[in-house]
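The following report introduces one protein chain to a reader who has not met it before. It proceeds from a single pair of strands to the sheets and then to the helices.

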Amino acid sequence: MKKQSNLSRLLSYAGGHKILTWLSWILSVVSALLALVPFWYIWRIIHDLLEAAPDFFRADQTASYGWSAVLFAVLSVLVYIAALMCSHLSAFRIASNIRKELLRHIASLPLGTIEKYGSGKLRRIVNTSSAAAETYLAHRLPDKAGAIATPVGLLFLLLVFDWRLGLLSLIPVILGFLIMMRMTGPDMEAKMKEYQNALSDMSNEAVEYVRGIPVVKTFGQSVYSFKRFKASIDNYEKWVIAYTKTLRLPMMFYTTAINGVFAFLIAGGIFLSRNGVSNDLLLNLIFYIIITPVIGTTLTKIMFMSEDAMIVTDALSRIDTILDEKPLAESAAHTIPSSHSITLEHVTFSYDGQKDALSDLSLSIPSGQVAALVGPSGGGKTTLAGIAARFFDPQKGRVLIGDVDIRQISKEDLMNQVSFVFQNSRLIKSSILENVRMARPDASRQEVFQALEAAQCMDIIEKLPDGIDTVIGADGIYLSGGEQQRIAIARAILKNAPVLILDEATAFADPDNEVRVQQALSTLSRGKTVLMIAHRLSSITGADCIYVMQDGKITESGTHAELLQKNGLFAHMWRNYSEAAEWKIEKEENV
Ligand SMILES: Nc1ncnc2c1ncn2[C@@H]1O[C@H](COP(=O)(O)OP(=O)(O)OP(=O)(O)O)[C@@H](O)[C@H]1O
């Protein structure tokens, strides 16, 4: 398939505003040509000054040349402003359409894919990449049209008055172009990509670091947690320095070449006047010295345009990495399950296509029963919970709710059937009322209150200045991890979905919060089919079935008593857990 150019890619988002982009280019060309007209008047003024005998010098005519030069300069600026207005209007529309398409696509992606990127990276792609496209369209493209028109007009001016001086002025321009091509070649493009990658990683790490500060403070791990962020800063520094160093020499030669036009002209002037200075030569030399700075400005504009073109190529490829992510396949048949059992049949799933995180795994949780997942870290518990909530589709096997394959259930229906409360349940920057009501937008205030009450949240509401109308995240109002989780549980209670997927929280700052979260979870779980990742073995002694997971497989299953009797991994984990709990109680008694 033929690769679309950056421009046609960008313009495909313009809709009816495409015409404004074309118009901005035409106006920019007109403005660039108008900007050269004053130089012709300047030449006339110098000509009159040098040629006319003092008695015949016509001050009024010279003044009119001066005014005409000013008039054309002002006209050029006004036309340029009109060009920018057109280009900005179209650029805003294009960037906004890119953002909308990205957000629409992100919303259709499996939650697992979204987690894979991390919110920092996604934010950067949505905001920064579309902003890069906006700058390119709003400024660089009209400048490009102008910058191409200027050398054409300039070439005409340079050759028409004195072709010898004109050619001399062109030597540094050609040198500058050659150096510039080196600075914007494929090598630099690769370096620019690495630089942008490093910037993106640093942004992601910064977001993750700031988000993790409460946990870091709780566990006093500041140095360790800072390590990844620091490594990303070091990596960024490495690429910035590499990029700058590669540019150092060519940039030096480039600046010398384009600013050296005077040297070429003066040397040429001396050579051409070896048999005496004529008025014409002096006139043209002065004129060329006045006009040549335009060459430098134009070349520099073109150079920055090439850099921006590289940035926009990189931005578009980042946008494409998101748009190329496959959304979850949606079935046309909107089947609603009649019962709420959870079944996994021979499920195999791998994140990277190499190592299986779940391997030929089968289990069945009858409707209304509680199943707990336990096992060593990395065993596949989170992956299994994610597969059951359709964060990902397995490569092999299938997941059923009732007797329906979850791929046959529409996204909305599935979300109505399944609630999940994970450790990092996030709240949005809105009131508690709105945060809870997200689960069921038509719920009354009274119903939200009841859900909050059932989730043991009344102590949180009472201490907030505006009760359930308090906006979280504003005016320094923040909730602890356990408090946030209780609000998330209230949300799930209000939703009242028949299937519940839970990740029991591991870290609590205070025991009061821990007890309340456990109470809220048991209210939430009542009468539901529950799949729960358990970290505290004591909280699942009553579970209908406990699955022990290791290396992506279920190695043991049964009730608490049955597993203790088997005397396998679970019994070993239980002994360790009980010893640790006793040790903790003894320690607290001795305090
Ligand atoms: N996003 C990911 N990309 C690649 N591999 C992953 C990803 N998430 C988990 N894994 C891998 O999949 C395997 C199962 O991980 P999973 O998080 O499901 O285990 P877990 O039992 O929940 O562990 P923990 O108790 O530590 O949370 C591990 O080998 C892990 O390294």
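How many bridges join strand β9 (residues 545-550) to strand β10 (residues 553-558)? In this predicted model, the two strands run antiparallel and are joined by five bridges. Within the pair, I546 stands opposite G558 in β10. The two strands form a hairpin with two residues between them, and D551 in the turn has a positive phi of about 50°.

**The chain as a whole**

The protein chain contains 20 helices and 10 strands. Of its 591 residues, 32% are buried. Among contacts between residues at least 6 apart in sequence, 80% join residues at least 24 apart.

**The six-stranded sheet**

The hairpin strands belong to an open sheet of six strands, in the order β6-β7-β8-β3-β9-β10, with mixed pairing. Its edge strands are β6 (418-421) and β10, each of which pairs on one side only. On average, neighbouring strands of this sheet are turned by 20° against each other, direction ignored.

Strand β8 (residues 529-533) is mostly covered, as five of its five residues are buried. From β8, T529, L531 and I533 point one way, while V530 and M532 point the other way. Residues on both sides of β8 are buried.

Strand β8 pairs in the parallel sense with strand β7 (residues 499-503) over five bridges, and I501 stands opposite L531 in β8. Strand β3 (residues 370-374) is joined to β8 by four bridges, and these two strands run parallel. The bridge partner of A372 in β8 is M532. Strand β3 also runs parallel to β9, to which four bridges join it. There, A371 has C545 of β9 as its bridge partner.

Two helices pack on this sheet. Helix α12 touches β3, β7, β8 and β9, and its direction makes about 150° with that of β8. Helix α17 touches β6 and β7, and its direction makes about 170° with that of β6.

**The four-stranded sheet**

A further open sheet has four strands in the order β2-β1-β4-β5, with antiparallel pairing. The edge strands here are β2 (356-365) and β5 (404-405), each pairing on one side only. Strand β1 (residues 342-350) is joined to strand β4 (residues 396-401) by five bridges, and the two run antiparallel. In this pair, E345 stands opposite R398 in β4.

The strand pairs described so far are collected below.

| Strand pair | Direction | Bridges | Residues opposite each other |
|---|---|---|---|
| β9 and β10 | antiparallel | five | I546 and G558 |
| β7 and β8 | parallel | five | I501 and L531 |
| β3 and β8 | parallel | four | A372 and M532 |
| β3 and β9 | parallel | four | A371 and C545 |
| β1 and β4 | antiparallel | five | E345 and R398 |

**Helices and their packing**

Helix α11 (residues 293-323) has 31 residues and reaches 45 Å from its first C-alpha to its last, close to the 45 Å expected at 1.5 Å a residue. Its buried residues include I295, T298, L299 and M303, together with I311, V312, A315, R318, I319 and I322.

Helix α2 (residues 18-51) and helix α10 (residues 279-291) have axes that come within 10 Å and cross at roughly 150°. The crossing of α2 with α10 is right-handed. The residues of α2 in this contact are F39, I42, W43, I46, H47, L50 and E51, and those of α10 are N279, L282, L283, I286, F287, I290 and I291.

Helix α15 (residues 445-454) packs against helix α17 (residues 481-495) at an angle of about 125°, with their axes 8 Å apart. The two helices are therefore oblique to each other, and their crossing is right-handed. In this contact, α15 contributes E447, V448, A451, L452 and A454, whereas α17 contributes A490, I493 and L494.

**Two loop residues with positive phi**

R390 has a positive phi of about 60° although it is not a glycine. This residue is found in the loop between α12 (381-388) and β4. R390 has 21 other C-beta atoms within 10 Å and is therefore buried.

Q456 likewise has a positive phi of about 60° and is not a glycine. Its place is in the loop between α15 and α16 (458-463). Q456 counts as buried because it has 20 C-beta neighbours inside 10 Å.

Terms used
Residues are numbered from 1 along each chain as its sequence is written. This is a predicted model: local features need pLDDT of at least 70, side-chain atom pairs count only at pLDDT 80 or more; totals for chains, interfaces and linings use all residues. The expected span of a helix is 1.5 Å times one less than its number of residues. A residue is buried if 20 or more other C-beta atoms lie within 10 Å of its own, exposed if 12 or fewer, and partly exposed in between; C-beta atoms are placed from the backbone. Two strands pair if DSSP finds at least two bridges between them. Axes are lines fitted to C-alpha atoms, for helices over the stretch in contact, and angles run from 0 to 180 degrees between N-to-C directions. Angles under 35 degrees count as roughly parallel, over 145 as roughly antiparallel, 65 to 115 as roughly perpendicular and the rest as oblique. A crossing is left-handed if the near helix is turned anticlockwise from the far one by less than a right angle, and right-handed if clockwise. Two residues are in contact if their C-beta atoms, placed from the backbone, lie within 7 Å.
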